[in-house]
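Trainee: I am new to this structure. Please pick one part and take me through it closely, step by step.

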Amino acid sequence: MPLEFELCPGRMIGGNHPCFIIAEIGQNHQGDIEIAKKMIKMAKDCGSDCAKFQKSELDHKFNKKALERPYNSVHSWGKTYGDHKRHLEFSHEQYKELQKYADEVDIFFTASGMDEMAVEFLHELNVPFFKVASADNSNFPYLKKTAKKGRPMVVSSGMQNMETMRQVYKTVKEHNPNFTILQCTSAYPLEAEDVNLRVLTEYQKEFPDIPIGYSGHESGIVISVAAVAMGAKVVERHVTLDKTWKGNDHEASVVPSELAELVRSIRLVERALGNGVKQMLPCEKPCHDKLGKSLVAKVKIPKGTVLTQDMLAVKVAEPMGIPAENIFKMVGKKVKIPKGTVLTQDMLAVKVAEPMGIDAEDIFKMVGKKVKKDVEEDESILPEVVEGYCKKRKC
């Protein structure tokens with residue numbers, strides 16, 4: 001398949017298409033649907049392409065004991081982990097309400113399906129693509145079932161090694177060609193030395209027929225922008241309205257001002273990447289006209305002389321001559337009378353010539369005339385070559 005595909009209706013990723021920017025709201029909405037809507041609007045206002053949540057069907061994601069265990073963290077929303085997760089989980093109807101709101105503000109809406117039943121619900125909800133969280137990238141039955149749905153997929157690769165990611169690629173690719181893998185390190189917040197952006201390059205080598213992206217949990221925006229410069233075609237960042245709010249993800253999230261600057265910086269870097277063709281650009285012409293160097297004669301060079309390098313120099317010259325980079329090409333060439341040269345008598349000679357040129361008796365009439373094209377040494381000077389020359393008296 002090509003290195004691009006339609007991730008959302010009318011929105012391609014990969015190739016030369018703009019980086020797709022996902023604002024990961026996750027569960028940073030604090031279980032409040034009005035805050036969730038504010039965050040969707042914020043994501044849109046900051047220039048993100050998509051607002052994303054995390055959907056779980058708790059009884060399918062956790063076993064009974066996991067939900068019943070005490071949860072005494074400062075980030076807890078309940079006495080047990082189940083109580084905590086239930087507080088943060090929106091119902092199916094609330095998801096439909098959020099999807100409708102996202103449509104009204106004109107931003108793509110999706111969620112990570114955190115278990116197979118959540119994927120079923122999101123499929124019914126008709127989200128544009130499935131996001132596979134790092135926690136599920138080695139859940140191969142889940143991957144296979146999700147891939148078979150036929151929707152595009154975005155797969156995070158936190159907590160895995162390359163061998164497992166090869167298996168992830170193979171599993172998804174067998175059933176679904178339209179997916180991207182994101183380099184990700186599952187730590188919140190993430191220290192710079194653990195980001196490992198070079199994995200992006202390795203993924204591009206390992207999986208050359210899919211776009212590669214980046215999901216970041218670091219502080220600030222610089223590393224995410226660098227990921228785009230290295231070829232990331234999707235960038236996902238957690239977002240929040242307040243980094244001091246209760247919840248593990250807030251500290252590793254970007255606030256609205258940071259998200260807006262991230263989007264601006266990514267778009268700026270994309271403009272700067274160019275097309276990879278090295279050539280002098282129109283914007284460089286004024287500088288070239290002013291400072292560009294060309295070849296000049298270091299010594300007097302009579303016509304017919306075979307040039308050597310020690311006869312030539314490189315200078316900023318008026319008028320600008322042969323470009324400096326051609327100096328080695330000039331060595332061994334003969335000097336001729338260039339087009340536009342004003343003839344002098346010492347440039348001319350009288351000989352029996354083929355083809356016959358201007359009559360010998362007109363030699364003095366030629367002095368001061370311009371040639372209209374280049375004339376080689378020993379070449380006949382034809383009437384049509386000399387500007388303003390006419391043999392007939394009436395001319």
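Mentor: Start at Gln30, which is buried, with a relative accessible area of 10%. Keep in mind that this is a predicted model. Gln30 sits in the loop between β3 and α1. Its backbone deserves a look. Most residues other than glycine have a negative phi. Gln30 is not a glycine, yet its phi is positive, about 65°.

Now step back along the chain from that loop. Strand β3 covers residues 20–26 and pairs with β4. The two strands run in the parallel sense, and four bridges link them. One pair to find is Ala23 and Ala51: Ala51 is the bridge partner in β4.

Stay on β4, residues 50–55. How many of its residues are buried? Six of the six are buried, so the strand is largely enclosed by the rest of the structure. In a regular strand the side chains alternate between the two faces of the sheet. Here Cys50, Lys52 and Gln54 point one way. Ala51, Phe53 and Lys55 point the other way. Residues on both sides are buried, Lys52 and Lys55 included.

β4 also pairs with β5, again in the parallel sense, over six bridges. Lys55 stands opposite Gly113 of β5. Strand β5 spans residues 108–113. Five of its six residues are buried, and the strand is mostly covered. So β4 pairs with β3 and with β5.

Go back to the loop with Gln30 and follow the chain forward this time. The loop lies between β3 and α1. Two packed helices are described by the angle between their axes and the distance between the axes. Helix α1, residues 33–45, packs against helix α5, residues 92–105. Their angle is about 30°, and their axes are 10 Å apart. Angles under 35 degrees count as roughly parallel. That is why α1 and α5 are called roughly parallel to each other. The crossing of α1 past α5 is right-handed.

Which residues make this contact? From α1 come Ile33, Ala36, Lys37, Ile40, Lys41 and Lys44. From α5 come Gln94, Glu97, Leu98, Tyr101, Ala102 and Val105. By class, seven are nonpolar, one is polar and four are charged.

Look next at the two ends of α5. The loop between α4 (81–88) and α5 holds Ser91. Ser91 is partly exposed, with a relative accessible area of 33%. Compare its place in sequence and in space with that of Glu57. The two are 34 residues apart in sequence, and their C-alpha atoms are 9.5 Å apart.

The loop between α5 and β5 holds Asp106. Is Asp106 buried or exposed? It is exposed, with a relative accessible area of 57%. Asp106 is not a glycine, and its phi is positive, near 70°. Set it beside Gln30, whose phi is also positive, about 65°. Gln30 is buried, at 10%, whereas Asp106 is exposed, at 57%.

Now move on to the helices with higher numbers. Helix α6, residues 116–125, meets α7. Their axes come within 10 Å and cross at roughly 10°. That makes α6 roughly parallel to α7. Glu116, Val119 and Glu120 of α6 touch Pro141, Tyr142, Lys145 and Thr146 of α7. The classes here are three nonpolar, one polar and three charged.

Helix α7, residues 140–148, packs in turn with helix α8, residues 162–173. The angle is about 30°, and the axes are 9 Å apart. So α7 is roughly parallel to α8. Their crossing is right-handed. On the α7 side are Phe140, Leu143, Lys144 and Ala147. On the α8 side are Thr164, Gln167, Val168, Thr171 and Val172. Five of these residues are nonpolar, three polar and one charged.

Finish on one residue of that contact. Thr164 lies in helix α8. Buried means under 20% relative accessible area. At 16%, Thr164 therefore counts as buried. Leave aside its neighbours within four places in sequence, and Thr164 is in contact with Ser138 and Phe140.

Notes: Residues are numbered from 1 along each chain as its sequence is written. This is a predicted model: local features need pLDDT of at least 70, side-chain atom pairs count only at pLDDT 80 or more; totals for chains, interfaces and linings use all residues. Side-chain values use heavy atoms; hydrogens and water are left out. Axes are lines fitted to C-alpha atoms, for helices over the stretch in contact, and angles run from 0 to 180 degrees between N-to-C directions. Angles under 35 degrees count as roughly parallel, over 145 as roughly antiparallel, 65 to 115 as roughly perpendicular and the rest as oblique. A crossing is left-handed if the near helix is turned anticlockwise from the far one by less than a right angle, and right-handed if clockwise. Contact means heavy atoms within 4.5 Å. Ala, Val, Leu, Ile, Met, Phe, Trp, Tyr, Cys and Pro count as nonpolar, Asp, Glu, Lys and Arg as charged, and the others, Gly among them, as polar. Buried means under 20% relative accessible area, exposed over 50%, partly exposed in between (1.4 Å probe, protein chains only). Two strands pair if DSSP finds at least two bridges between them.
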